[in-house]
Amino acid sequence: MEILQGPVVTAGEILVEFVSLETGCALSRSAQFSGPYASGAPAIFIDQVARVGGDAAIFGGVGADGFGEVVRNRLAQDKVDITGIRRSQGRATGVAFVSYFDDGSRTFIFHIENTAADSFEIGDDISPAGADAGPGYVHVSGSSLGNARIRANIMTLVGHAHAAGWQITLDPNVRPELFVDEEARTAIETVLATATIVMPSAEDLAFLMPGMGESAAIDALLDSGARIVALKRAERGCIVADRDARLELPGHVVDAVDPTGAGDCFCGTFVGLLATGHPIAEAARYANAAGALSVTRRGPMEGNPALDEIRRYLGSTGAGRGAEAHA
């Protein structure tokens with residue numbers, strides 16, 4: 001398929017995150033934490049788009065406080081256009097807390113509702129600066145659709161993008177902590193129906209297509225209108241498919257420190273490389289490696305690797321070639 005080259009824009013929750021240094025505390029008793037780390041699924045995604053060379057911009061909100069500066073400074077440092085980030089004088093920056101268990105599972109507490117994270121608006125311009133830089137890609141993280149105010153902004157952005165010939169990319173990123181009403185599911189199904197590139201995890205498939213196996217689910221997504229499906233399988237690697245071919249890549253063996261943000265890093269790498277003209281197979285190999293590298297550092301955005309780092313890693317391991325099977 002022909003791959004669109006252009007800018008990548010996203011919108012959604014911008015947060016700082018604190019990570020428990022002790023496993024098993026379940027956020028229900030006192031423990032030591034590290035942070036604040038720049039976070040929020042859309043922010044992690046767009047930061048990685050920029051780190052692999054993409055033209056990246058984000059809409060969102062932070063408080064006029066130190067936490068807000070943590071995120072703004074990190075995104076600006078990595079050359080993300082932050083002119084679409086509103087600094088709220090009356091609301092604090094959103095916060096997330098995460099704690100892990102010995103089996104690698106985790107629990108979250110989010111403070112998003114009525115913070116600066118859901119206090120922003122999107123007008124008629126798709127790009128934050130209002131420049132006519134498109135068409136390009138508008139990316140939606142499903143985790144953002146659980147908040148009614150953020151959801152309304154994202155659906156506005158998706159509508160503008162679709163009308164202007166931009167392509168929609170979707171990471172379903174379903175989180176039970178954030179999906180509290182039926183409207184969130186309706187919104188994700190609406191975005192799914194217009195998305196050109198869909199990048200679910202195995203858990204997302206279980207939510208969206210219960211009882212359907214991975215191969216059948218990929219086929220169903222392609223049949224319903226997606227042109228590319230990238231299935232994230234964590235330590236099992238990924239499967240990337242279009243209507244002509246299917247590429248399965250094995251996982252990389254790394255020392256996992258903090259898996260939060262790995263899926264966002266995968267998606268940012270994949271979309272960022274497609275948006276800068278890389279072939280699908282190459283974008284898939286790099287995204288698969290980037291997702292693995294991202295878990296080796298504490299903090300959801302701290303492991304986002306630059307393009308040269310991914311290239312060196314793949315060169316040192318000789319891994320990631322996979323086998324392409326024609327459908």
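Analyst: Two strands count as paired if DSSP finds at least two bridges between them. Helices (H or I, at least four residues) and strands (E, at least two) are DSSP runs, numbered from the N terminus. The model is predicted, with local features needing pLDDT of at least 70 and side-chain atom pairs pLDDT 80 or more, whereas totals for chains, interfaces and linings use all residues. Residues are numbered from 1 along each chain as its sequence is written, and side-chain values use heavy atoms, without hydrogens and water.

User: In what order do the 4 strands of the open sheet lie?
Analyst: Strand β2 (residues 15–20) pairs with β6 in the parallel sense over 5 bridges, and β2 pairs with β3 in the antiparallel sense, also over 5 bridges. Strand β7 (residues 106–111) joins β6 in the antiparallel sense over 6 bridges. The resulting open sheet has mixed pairing and the order β3-β2-β6-β7.

User: Which are the edge strands, each pairing on one side only?
Analyst: The open sheet of 4 strands has the order β3-β2-β6-β7. The strands that pair on one side only are β3 (33–39) and β7.

User: By what angle are neighbouring strands of this sheet turned against each other on average?
Analyst: Axes are lines fitted to C-alpha atoms (for helices, over the stretch in contact), and angles run from 0 to 180 degrees between N-to-C directions. With direction ignored, the average turn between neighbouring strands of this sheet is 20°.

User: Which residue in β6 is the bridge partner of Val19?
Analyst: The β2–β6 pairing is parallel and has 5 bridges. Within this pairing, Phe18 stands opposite Phe97 in β6. For Val19, the bridge partner in β6 is Val98.

User: Which residue in β3 stands opposite Glu17?
Analyst: β2 and β3 run antiparallel and are joined over 5 bridges. Across from Glu17, the residue in β3 is Tyr37.

User: Which residue in the turn of the β6 and β7 hairpin has a positive phi?
Analyst: In the antiparallel β6–β7 pair, Val95 stands opposite His111, and the bridge partner of Phe97 in β7 is Ile109. The two strands form a hairpin with 5 residues between them. The turn residue with a positive phi, about 95°, is Gly104.

User: How many of the residues of β2 are buried?
Analyst: Buried means under 20% relative accessible area, exposed over 50%, and partly exposed in between (1.4 Å probe, protein chains only). Leu15, Glu17 and Val19 point one way from β2, while Val16, Phe18 and Ser20 point the other way, and all are buried. The strand is therefore largely enclosed by the rest of the structure, its buried count being 6 of 6.

User: At about what angle does helix α2 run to β3?
Analyst: Helix α2 (residues 66–77) lies across β2, β3 and β6. Of these strands, β6 (residues 94–100) is mostly covered, with 6 of its 7 residues buried. The helix runs to β3 at about 55°.

User: Which residues touch the most other members of the largest nonpolar core?
Analyst: A nonpolar core is a set of buried Ala, Val, Leu, Ile, Met, Phe, Trp, Tyr and Cys residues joined through side-chain atoms within 4.5 Å. The largest such core has 52 residues, and a second, separate core of 47 residues includes Phe59, Ile150, Ile218 and Leu222. In the largest core, those touching the most other members are Ile46, Leu75 and Phe270.

User: How far apart are the end C-alpha atoms of helix α8?
Analyst: The expected span of a helix is 1.5 Å times one less than its number of residues. For the 15 residues of α8 (residues 280–294) this gives 21 Å, which agrees with the model. The end C-alpha atoms are separated by 21 Å.

User: With which residues is Ala292 in contact, leaving aside its neighbours within four places in sequence?
Analyst: Ala292 lies in helix α8, of whose 15 residues 13 are buried. Ala292 is itself buried, because its relative accessible area is 12%. Contact means heavy atoms within 4.5 Å, and the partners of Ala292 are His252 and Val254.

User: How many disulfides does a search of the whole structure find?
Analyst: A disulfide is a pair of cysteine sulfur atoms within 2.5 Å. Cys265, buried at 0%, has its closest cysteine sulfur in Cys267 at 9.3 Å, so the pair is too far apart for a bond. Over the whole structure, the number of disulfides found is 0.
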